[in-house]
Amino acid sequence: MPRRKAKRKEFENIRVKDVGSKGKGIANAPDGRIIFIDQAIPGDEVDVLTYKKRKAYYMAKTTYFHNRSRHRTTPRCVHFGTCGGCKWQHFEYEAQLYYKEKEVLENLKRIGKLDIKDSHPILGNEEIYFYRNKMEFSFSNKRWLTQDEINTEQEIENKTALGLHIPGMWDKVLDLKECHLQKEPSDDIRLQLKRFADEKSFTFFDPHEQTGLLRNVMIRTSRTGQVMVVMQFFNNEPDNIRQIMDFLRDTFPQIASLQYIINQKKNDSIYDQQVHLYYGCDHIIEKMQDLKFQIRPKSFYQTNSKQAEILYARLKELLNLKGDELVLDLYSGIGSIALSLAKDCKKVIGVEVIEDAVKDANKNAELNNIDNASFLKGETQDVLNEKLIKRNGRPDIIVVDPPREGLHKNVVKMIREIHPAKLAYVSCNSATQARDMEMLKDLYSIDHVQPVDMFPNTYHTENIVIATS
Ligand code: SAH
């Protein structure tokens, strides 16, 4: 039976006026709904065809351009439009920054209903390509096929892929010929690894059947020049694994840390997996300001090293430390915030859930001769309790830097009870940041808002909020 097609609608002469959810263009439909338009940017005047309808909005694709926005620019990458990596490559950087800053402020005002004393202009990047220090590329035996390939009569020979997932499709991987997100040797490693795997006919992961040898590869580059490569395999095929690891070790002398994981779970997260060291060190060293950090595979580190430096320096500046403060750094990762503040305050205590990151953080204090910083392992919602405060005293400052979901409600409750004089909230999601700050706004005034762009050519923005009691 033919599949019933959703009723599609055409709208003509639509003017895109803003950007919204997932970086799509926003326009008004004549019936009052909002239209989210793929790849459209403010200033575009287009005809669109809808592909989804909800109570308040449509999702649509452009079918015709009457006028292209003056903010359009030429994307650099051949994969632009298909790849989910940099959806805003066609959007002039200055305009990206304008809309990023606008979104942060709107979220804080609309969701958080916050009064903001001082909002500072967003801090942009000097280089908007090759800014990431970490990439994870997936192997798949189901390469995303172009329309030309689908239309051709000929049998498609090579269906393997090593690259990034097609947005919204967990089982489809785009075979990347180039990627403008990470400096060399990233492309070189990915392309040579793929060629070697194809030549040797090693099996690529089949996401439906859950079979195959090659699952994904994580590449970390650093400002010290050290490179980390972590291979993730599904099948345990020791001979083949050895061949692949030897190939990487012998072809890329820059690899200072070569490790692998055999992961037979459904999902490819590595936090509960054993990491095997194959060659070199179990970590690499990264530099930030005048600090050195060791980073292991499971540890989080800001993916844009240059902007991380700017973010932490700005955070320190806005905190205006006097030197006698006790600071809590919640969600501390490898200790990057805590250690960048340590020399200017009395004591810092970090809290982090990933054991390896806590080990890295303690080691990093040692590496930098910092003796007034310590790190505790656990979930912030468990560790932040009366006992912690009794043992260490009431903190003057709490810094939080949670994942996208924001703060656990018990963490908000404890912050209210502890009620430090200053609160700094670093966030990669201003919507959850706004939600959390609303629950604290009766106790605090919002002194500073400082957006920082860590992710050019994407719609993501990092934001610092400084609140005082
Ligand atoms: N402040 C660090 C890390 C921020 S990323 C930096 O700037 O580099 C968020 C960190 O929170 C990650 O390291 C993650 O492992 C950790 N995390 C996630 N959930 C957590 C929880 N419930 N309790 C403590 N740490 C958590």
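## A mixed sheet and its cysteines

In this predicted model, seven strands come together as an open sheet with mixed pairing, and their order is β10-β9-β8-β11-β12-β13-β14. The edges belong to β10 (173-175) and β14 (276-280), each of which pairs on one side only. From one strand to the next, the twist averages 30 degrees.

Let's look at the β14 edge. Its partner there is β13 (residues 255-262), and the two strands run antiparallel, joined over four bridges. If you would like a pair to find in the viewer, try S257, whose bridge partner in β14 is G280.

A helix joins the picture too. Helix α4 (residues 238-251) packs on the sheet and touches β11 (214-220), β12 (227-233), β13 and β14. The direction of α4 makes about 165 degrees with that of β13.

Now for the cysteines, which may interest you at the bench. A disulfide is a covalent bond between the sulfur atoms of two cysteines. Here the count comes to zero disulfides, with a cut-off of 2.5 Å between the sulfur atoms. Two cysteines serve as examples:

| Cysteine | Closest cysteine sulfur | Sulfur-sulfur distance |
|---|---|---|
| C77 | in C83 | 6.5 Å |
| C428 | in C86 | 17 Å |

Why does C77 form no disulfide with C83? Their sulfur atoms are 6.5 Å apart, which is too far for a bond. C428 is also without a bond to C86, because 17 Å between the sulfurs is too far. As for its surroundings, C77 counts as buried because its relative accessibility is 13%, and the limit for buried is under 20%.

Key
Residues are numbered from 1 along each chain as its sequence is written. This is a predicted model: local features need pLDDT of at least 70, side-chain atom pairs count only at pLDDT 80 or more; totals for chains, interfaces and linings use all residues. Side-chain values use heavy atoms; hydrogens and water are left out. Two strands pair if DSSP finds at least two bridges between them. Axes are lines fitted to C-alpha atoms, for helices over the stretch in contact, and angles run from 0 to 180 degrees between N-to-C directions. Contact means heavy atoms within 4.5 Å. Buried means under 20% relative accessible area, exposed over 50%, partly exposed in between (1.4 Å probe, protein chains only).
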